[in-house]
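Reader: I am in my first year and would like a careful look at a single part of this model, namely its cysteines and the side chains discussed along with them. Could you take me through it slowly, in connected sentences?

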Amino acid sequence: MECRLLSTTHLNFYLQECAIVELTSEIDKKTGKRSKKKPMFVKSGGVVTCIIEVEQNICVETFDVCPQLGRFTLRDEGKTIGIGKILRLATLKDDETSKKSAD
């Protein structure tokens, strides 16, 4: 069973619906180390890495390259549910591979 959280992402002035597809790891605030096991949920104040999908292409960059284009806010029903940095972007090859495996 696949569970996806649908919310709205705010990137500077741009607003778009998005889906959190997968929580990939939890990060310990004290040590900065990632867990090997994927978390099932996120507690309030928790730090995780996740995969977020958007319906349309958007202009973003990783936080390391351009901090202004590498930040985002997740909101749901008028409440902020998360803030974050873009660590990695999906490449065209990643998209083609996922489309081929779906066929």
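Author: Let us begin with the cysteines, keeping in mind that this is a predicted model. A disulfide is a covalent bond between the sulfur atoms of two cysteines. When pairs of cysteine sulfur atoms within 2.5 Å are sought, the count comes to zero disulfides. C18, for instance, is in no disulfide, and the cysteine sulfur nearest to that of C18 belongs to C50, at a distance of 8.8 Å. As for its surroundings, C18 is buried, since its relative accessible area is 3%, and buried means under 20%.

C66 can be read in a similar way, for the closest cysteine sulfur to its own is that of C59, and because the two are 8.8 Å apart, they are too far from each other for a bond. The relative accessible area of C66 is 21%, so this residue is described as partly exposed.

From here we can turn to Q68, which has its place in the loop between β3 (48-54) and β4 (71-76). With a relative accessible area of 53%, Q68 is exposed, the cut-off for that word being over 50%. Although Q68 and K85 are separated by 17 residues in sequence, their C-alpha atoms are 9.9 Å apart in space.

K85 in turn leads us to an aromatic ring, because its charged end sits over the ring of F63, at 4.4 Å from the ring centre, and a charge counts as sitting over a ring only within 6 Å of that centre and within 35 degrees of the ring normal. Pairs between aromatic rings are another matter, and of these the structure holds zero.

How values were computed:
Residues numbered from 1 in each chain as written. Predicted model: local features only at pLDDT ≥ 70, side-chain atom pairs only at ≥ 80, totals over all residues. Heavy atoms only, no water. Phe/Tyr/Trp six-rings, centres within 6.5 Å; stacked < 30°, edge-to-face > 60°. Buried < 20%, exposed > 50% of the residue type's maximum accessible area, 1.4 Å probe, protein only. Helix = DSSP H or I, 4+ residues; strand = E, 2+ residues; numbered from the N terminus.
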